[in-house]
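Dear colleague,

I am handing over the structure we spoke about, together with some notes on what turned up when I went through it. Please open it beside this message as you read.

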Amino acid sequence: MCDIGILTFWGVPNYGTFAQAYALQRTIQKLRPDMDVRQIAYLHPKHYNFYFSKWPKCGVRNKEFLPSLVQNLRKDFVQNQRREIFEKGYQTIPHTTQLSAKALKKTKFGTVVLGSDIVWDFSIPVFGDDPFLFGNDLCADKVISYAASFGTVKPGQPVPEFVKSGISGLEHVAVRDENSANVVNELRGEVPAVVLDPVWMWDFANDENVVLPLYEDYMVVYGQDFTDDFIDQMIRYAKENNLKTICLDCNEDSYTWCDVLIKQQELSVFEWLGLFKGAQAVATSTFHGLTFGLVFEKRLAFCRTDFIMAKASSFLKKLGLYDLYENNTDVKKMLEYERDIQATRQVIENARKESEDYLAKALA
């Protein structure tokens with residue numbers, strides 16, 4: 001029995017995914033210090049294998065056997081290193097024992113919180129069409145959501161029955177973006193609360209676990225969808241401003257144009273956060289790269305994609321930054337844009353209060 005269980009993408013080797021899980025855990029525990037709050041240590045096997053897949057079969061008489069063996073041994077070595085790095089991070093979060101689907105069905109919770117992240121994007125095959133993520137088959141007195149997102153799923157798309165039944169059965173619903181709110185409205189006939197991503201709810205600037213880097217005068221580069229023009233402009237800006245470009249590996253990146261490339265297996269989750277905190281500027285194409293650039297109030301260039309804008313547009317509009325990042329391809333203009341930091345802080349503080357009020361009511 002656990003008072004409050006949080007169901008998200010547990011153990012996924014992604015810094016942003018870890019950060020939102022960590023932040024939601026600490027936020028709820030701060031709100032309800034009297035309760036046992038734990039992450040649910042469960043991930044659909046298909047999702048897990050997407051990151052830590054087994055070797056493909058290759059017969060010993062096949063001419064590709066030896067090259068394939070060498071490649072797979074290297075892949076195994078890197079995967080094990082990466083798994084170890086992220087496991088150390090996730091172990092800092094209170095959690096249940098590792099649960100299979102069968103065990104999860106039998107584990108009792110007072111309340112289960114679904115989210116955040118794109119846990120409701122059923123269009124992504126590797127998530128395994130997992131009914132648990134929508135609140136189905138859980139042994140809980142109450143199931144709610146916090147900052148869950150449908151990601152790329154749009155209103156009007158066909159929706160599987162397990163999604164409909166799960167969303168309809170939730171006691172309280174809060175999503176991360178307007179698009180997800182519109183999808184929920186179609187399914188439930190009511191507009192849900194739109195709340196902050198958990199990383200805005202926790203004070204990472206003063207978090208005791210964040211490790212500041214030894215590097216100075218640098219720009220963090222984080223993402224995989226940079227255009228050639230964006231890269232050229234970014235490099236030019238860094239040289240003009242005497243900034244070292246430090247690329248943080250997303251998924252086996254091999255950027256030869258950066259000054260420093262730090263691979264995932266070399267970088268702990270709290271060192272990753274520290275590199276954002278200590279940077280002079282941030283260039284990114286990811287949701288959490290964008291978010292942490294703003295969280296730590298950095299000069300920020302964003303290489304937009306439809307996938308990320310679907311998740312980020314709602315909050316960028318609140319901050320008055322939507323127009324800056326929606327159609328802008330001028331990296332220097334983005335990095336030299338003078339934001340009204342005090343006004344931004346006030347917007348965030350107001351949104352944080354609304355989000356805390358939702359959580360307090362939903363968890364009562």
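What follows covers confidence, the open and enclosed spaces, and one helix.

Please bear in mind that this is a predicted model. The protein averages a pLDDT of 91, and 92% of the residues score at least 70. Among its elements, strand β3 (residues 108-114) has the highest mean pLDDT, at 98, whereas helix α3 (residues 65-90) has the lowest, at 70. Where pLDDT is low, the predicted coordinates should not be read in detail.

Turning to the open spaces, the largest pocket has a volume of about 740 Å³. Its lining is made up of 29 residues, and those closest to the centre of the pocket are N14, Y51, Q224, F307 and K311. The elements that contribute two or more residues to this lining are α1 (15-31), α2 (45-51), α10 (287-295) and α11 (306-318). Sorted by class, the lining of the largest pocket holds 14 nonpolar, 11 polar and 4 charged residues.

As for enclosed spaces, a search of the whole structure finds 4 cavities of 30 Å³ or more, and the largest cavity has a volume of about 160 Å³. This largest cavity is lined by 16 residues, with W200, F287, A312, F315 and L316 lying nearest its centre. Helices α10 and α11 each supply at least two residues of its lining, and the largest share, 6 residues, comes from α11. By class, the lining of the largest cavity divides into 10 nonpolar, 2 polar and 4 charged residues. You may wish to view the two spaces together, given that α10 and α11 appear in the lining of the largest pocket and also in that of the largest cavity.

The last element I would point to is helix α6 (residues 178-188), whose buried residues are N179, S180, A181, V183, V184 and L187. These buried residues pack against α5 (161-168), β5 (174-175), β6 (193-194) and α11, so named here with α11 already familiar from the lining of the largest cavity. The N-terminal end of α6 is capped by D177, one of whose side-chain oxygens lies 3.3 Å from the backbone nitrogen of N179. Just after the helix, G189 takes a positive phi of about 75°.

With best wishes

Methods:
Residues are numbered from 1 along each chain as its sequence is written. This is a predicted model: local features need pLDDT of at least 70, side-chain atom pairs count only at pLDDT 80 or more; totals for chains, interfaces and linings use all residues. Side-chain values use heavy atoms; hydrogens and water are left out. On a 1 Å grid over the protein atoms alone, a cavity is a set of points where a 1.4 Å probe fits but cannot get out, and a pocket is an open set with protein on both sides within 12 Å along at least five of seven lines; lining residues have an atom within 4 Å of a point. Grid points are joined across faces, edges and corners, and a volume is the space filled by probe spheres set on the points. Helices (H or I, at least four residues) and strands (E, at least two) are DSSP runs, numbered from the N terminus. Ala, Val, Leu, Ile, Met, Phe, Trp, Tyr, Cys and Pro count as nonpolar, Asp, Glu, Lys and Arg as charged, and the others, Gly among them, as polar. Buried means under 20% relative accessible area, exposed over 50%, partly exposed in between (1.4 Å probe, protein chains only). Contact means heavy atoms within 4.5 Å. A polar contact is a pair of N or O atoms within 3.5 Å; within protein, one must be able to donate a hydrogen and the other to accept it, and residues adjacent in sequence count only if both atoms are side-chain atoms. pLDDT is the predictor's confidence in each residue, from 0 to 100.
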